Amino acid sequence: QNIVSYNYCSNPSNYINIGYGIDNNYARCCASSIASFCLNNPTKNFNFHIMAKKLSTNNKDRFKQLAQLYSININIYKINIDTLANLPTQIHLPIATYFRFILPLVLDNIDKLFYIDADIICLKNADELFNTNLNDNIIGAVPDLPWMNTKRNKALNLRNHIYFNAGMLIINIAKWNNFNTFAKILQAIQNEPQKFRYLDQDALNLILTNHIQYLDTKFNCIDINSIEQKNIILLHFAAHPKPWNIAFSISKLCNKFNKNLYQYYEKQTPWSGLPPTLPRNYKEMEFYAKCLRKHKYYIKSFHWYLKYLLAKIKYLIKKY
């Protein structure tokens, strides 16, 4: 529908194009992700592309400040989501999860796009990622966890395929569009929505099998115990709660290595000083209540259990 561009890069050459798909709830972590790339790759010229739904004026102003702060370009694309209106969503997989499919259509004037989930933080120099050769493949991606590979390949009836996580994708724009990837994915999901437990990620694996350059885990690390921590280039906070959620610090996901990683980068953005977000749906409320109970905050836990029950009742009434 429209594009808002904040262009503050003084050297308009050799851009590295990085894309995100978010709604307003993911603005703060998207900014932290952007800051992490800039801080750990200070010699690079970045062109960031954010496909967004219902981004507040306040958050747009902050993205402008972020672009000024790091001398980068940030382009915000507001889209008409009517095309996606009939696609299935889940509590933790909103409509914005499909935005990664649209970015290659909008950015058909560039060669290569690095799509990054907003909950990914860059921990060190990423030259090795930026210089990756896709070897005539449509995308580059990192294999998912072994249990996901077994489970999802069986569900999707994929043979001789390594199931990848779609949180980080290197996309050859021309090949993606020539393959008509977007239309094929939409068609697959609309034909058999019940088949795609992980929605867009499942569909990507199904449609792009045999067109994937597989990359090392360090470029999209989900399990920090599966790799030498010092080697991680992109850390993906894929599970819930997220590190900006109030439940994170008392959850089993929080450990010595990652406890303050996200907060460090958020402090380098105009979102610095924001309090942790409270639970927004009944699943998050239930989880927070359980964490509080585990840490013996019984009164507070009881309070959130009540909120959880009320929220779930409202959800079920609305659903049925």
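In this predicted model, the charged end of Lys-184 lies over the ring of Phe-179, 3.5 Å from the ring centre. A second such contact places the charged end of Arg-197 over the ring of Tyr-198, at 4.8 Å from its centre. The points below cover the aromatic pairs, the sheet and the helices that pack on it.

**Aromatic pairs**
- The structure contains 15 aromatic pairs. In one of them, the ring centres of Tyr-264 and Tyr-265 are 4.9 Å apart and the planes meet at 85°, so the arrangement is edge-to-face.
- Tyr-264 has a relative accessible area of 46% and is partly exposed, whereas Tyr-265, with 6%, is buried.
- A cluster linked by ring pairs comprises Tyr-20, Phe-37, Phe-46, Phe-48, Phe-114 and Phe-130.

**Sheet**
- An open sheet of eight strands with mixed pairing follows the order β1-β4-β3-β2-β5-β8-β7-β9. The edges are formed by β1 (2–7) and β9 (212–214); each has a single partner strand, so one side of each lacks a neighbour in the sheet.
- On average, neighbouring strands of this sheet are turned by 25° against each other, with direction ignored.
- Strands β2 (residues 15–23) and β5 (residues 112–116) run parallel and are joined by two bridges. Gly-19 stands opposite Tyr-115 in β5.

**Helices on the sheet**
- Helix α1 (residues 27–40) lies across β2, β3 (45–53), β4 (73–78) and β5, and runs at about 165° to β2.
- Helix α8 (residues 199–208) also packs on the sheet, where it touches β7 (139–143), β8 (164–172) and β9. The direction of α8 makes about 55° with that of β8.

Methods: Residues are numbered from 1 along each chain as its sequence is written. This is a predicted model: local features need pLDDT of at least 70, side-chain atom pairs count only at pLDDT 80 or more; totals for chains, interfaces and linings use all residues. Side-chain values use heavy atoms; hydrogens and water are left out. Rings of Phe, Tyr and Trp (its six-membered ring) pair if their centres lie within 6.5 Å; planes under 30 degrees apart count as stacked, over 60 as edge-to-face and the rest as tilted. Buried means under 20% relative accessible area, exposed over 50%, partly exposed in between (1.4 Å probe, protein chains only). A charge sits over a ring if NZ of Lys or CZ of Arg is within 6 Å of the ring centre and within 35 degrees of the ring normal. Two strands pair if DSSP finds at least two bridges between them. Helices (H or I, at least four residues) and strands (E, at least two) are DSSP runs, numbered from the N terminus. Axes are lines fitted to C-alpha atoms, for helices over the stretch in contact, and angles run from 0 to 180 degrees between N-to-C directions. Contact means heavy atoms within 4.5 Å.
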